[in-house]
Amino acid sequence: MSARRLTRRNLLLGTTALVPLLAGRARAFGEKNRFIPAVAKHGGRWDARLSGLRRIAWELQRRTSVEVVPDARPFALSSPDLFEYPFLYFGGDGAFPALSEAEVTNLRRYLTYGGFMLADANDGSDGDGFDASFRREMRRVLPQSPLAEVPSTHVVFKSFFMLDAAPGRLLNKPQLLAANLGKRAAVLYSQNDVAGAWSRNETGDYEFDVSPGGEPQRELAVRLGINVCMYALCLDYKDDAVHLQLILNKRR
């Protein structure tokens with residue numbers, strides 16, 4: 001199957017010429033030729049799932065043709081270095097304090113100029129804990145883009161694997177939420193601790209049990225993670241162009 005034209009962005013991997021994201025700044029997505037998850041640092045417990053991010057990067061390389069660095073690189077949300085990374089993970093276990101104005105402004109710019117963020121309630125909270133803090137901050141970062149449920153027909157559910165739900169370590173909510181900028185989901189948010197399902201310890205054992213579906217649910221969470229990574233790397237392609245031979249030749 002021949003690859004179809006991307007409608008807004010070139011594939012980030014294997015390309016070096018992209019429009020600079022900020023006026024007067026030479027930085028642009030795609031300067032790095034490997035996928036590396038960036039991790040948002042905040043005032044709460046932001047680092048509870050670093051092993052999960054390293055694992056999903058490894059799974060992404062194993063199951064697709066995307067080249068990765070199986071690392072998880074933390075950055076302050078006010079850092080200009082964010083603009084070198086197309087994928088940002090914002091997780092947390094419990095509530096966290098308000099972001100500074102500099103952090104809110106920089107994160108808004110990152111998302112507005114093409115960045116993608118996966119938010120993940122590691123505590124599985126709903127109305128308190130991480131959930132309450134994250135919703136509060138998103139109202140500041142993207143006040144015109146309220147979180148809304150992602151329909152099962154969204155391209156993120158067919159960007160690599162065909163899925164119809166969004167399980168993680170938990171299954172508190174059947175679907176993701178999104179903050180959309182135009183037709184693009186700039187933020188996807190899981191209340192199911194999706195990275196908790198990916199996490200392994202130093203001996204290779206999974207760190208957390210998965211409930212209620214056990215290991216089949218864990219596999220679905222891994223597939224969801226790969227889909228989300230692929231969506232972040234291929235934002236704004238047409239819905240009917242989700243099986244690009246260039247990046248799917250390892251599909252199994």
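**Buried loop residues, helix packing and nonpolar cores in the predicted model**

Ser-145 is found in the loop that connects helix H3 (129-141) with strand E5 (148-149). The model examined here is a predicted one. With a relative accessible area of 9%, Ser-145 falls under the 20% limit and is therefore buried. A polar atom of the Ser-145 side chain lies 2.9 Å from the backbone oxygen of Asn-180. When neighbours within four places in sequence are left aside, the residues in contact with Ser-145 are Ala-179, Asn-180 and Leu-181, so that Asn-180 appears both in this set of contacts and as the residue whose backbone oxygen faces the serine side chain at 2.9 Å.

At the level of the whole chain, the secondary structure comprises six helices and seven strands, arranged along the sequence in the pattern β-α-β-β-α-β-α-β-β-β-α-α-α. The protein has 252 residues, of which 53% count as buried. Of the contacts between residues at least 6 apart in sequence, 75% join residues that are at least 24 apart.

Helix H2 (residues 101-112) and helix H3 have axes that come within 9 Å and cross at roughly 70 degrees. Because this angle lies in the range of 65 to 115 degrees, H2 is described as roughly perpendicular to H3. On the H2 side the contact is made by Glu-101, Val-104, Leu-107, Arg-108 and Leu-111, and on the H3 side by Glu-137, Arg-140 and Val-141. These residues divide into four nonpolar and four charged, with no polar residue in the contact of H2 with H3.

The largest nonpolar core has 43 residues, and Phe-87, Leu-118, Leu-188 and Trp-198 are those with the most contacts inside it. Two or more residues are given to this core by each of H1, strand E3 (87-92), strand E4 (116-121), strand E7 (184-190), helix H4 (194-198) and helix H5 (214-233), with the largest share, 10 residues, coming from H5. Leu-118 touches Phe-87, Leu-88, Tyr-89, Phe-90, Leu-188, Val-194, Trp-198 and Val-228, residues up to four places away in sequence not being counted. A second core, separate from the one just described, has 29 residues, among them Ala-38, Leu-82, Leu-99 and Ala-121.

Strand E7 also contains Ala-185, which counts as buried at 0% relative accessibility. The C-alpha atom of Ala-185 is separated by 9.0 Å from that of Val-150, a residue 35 positions apart from it along the chain.

Further loop residues were examined for burial and backbone geometry. Arg-49 is found in the loop between strand E1 (38-41) and helix H1 (50-63), and its relative accessible area of 5% places this residue among the buried ones. Beyond residues up to four places away in sequence, Arg-49 touches Tyr-89, Asn-122, Arg-169, Asp-193, Ala-195, Gly-196, Ser-199 and Phe-208. One of these partners, Asp-193, is found in the loop between E7 and H4 and, at 0% relative accessibility, counts as buried. Asp-193 has a positive phi of about 50 degrees although it is not a glycine. In the loop between H4 and H5, where Pro-212 is found, a cis peptide bond joins Ser-211 and Pro-212, with omega about 5 degrees.

Notes:
Residues are numbered from 1 along each chain as its sequence is written. This is a predicted model: local features need pLDDT of at least 70, side-chain atom pairs count only at pLDDT 80 or more; totals for chains, interfaces and linings use all residues. Side-chain values use heavy atoms; hydrogens and water are left out. Helices (H or I, at least four residues) and strands (E, at least two) are DSSP runs, numbered from the N terminus. Buried means under 20% relative accessible area, exposed over 50%, partly exposed in between (1.4 Å probe, protein chains only). A polar contact is a pair of N or O atoms within 3.5 Å; within protein, one must be able to donate a hydrogen and the other to accept it, and residues adjacent in sequence count only if both atoms are side-chain atoms. Contact means heavy atoms within 4.5 Å. Axes are lines fitted to C-alpha atoms, for helices over the stretch in contact, and angles run from 0 to 180 degrees between N-to-C directions. Angles under 35 degrees count as roughly parallel, over 145 as roughly antiparallel, 65 to 115 as roughly perpendicular and the rest as oblique. Ala, Val, Leu, Ile, Met, Phe, Trp, Tyr, Cys and Pro count as nonpolar, Asp, Glu, Lys and Arg as charged, and the others, Gly among them, as polar. A nonpolar core is a set of buried Ala, Val, Leu, Ile, Met, Phe, Trp, Tyr and Cys residues joined through side-chain atoms within 4.5 Å.
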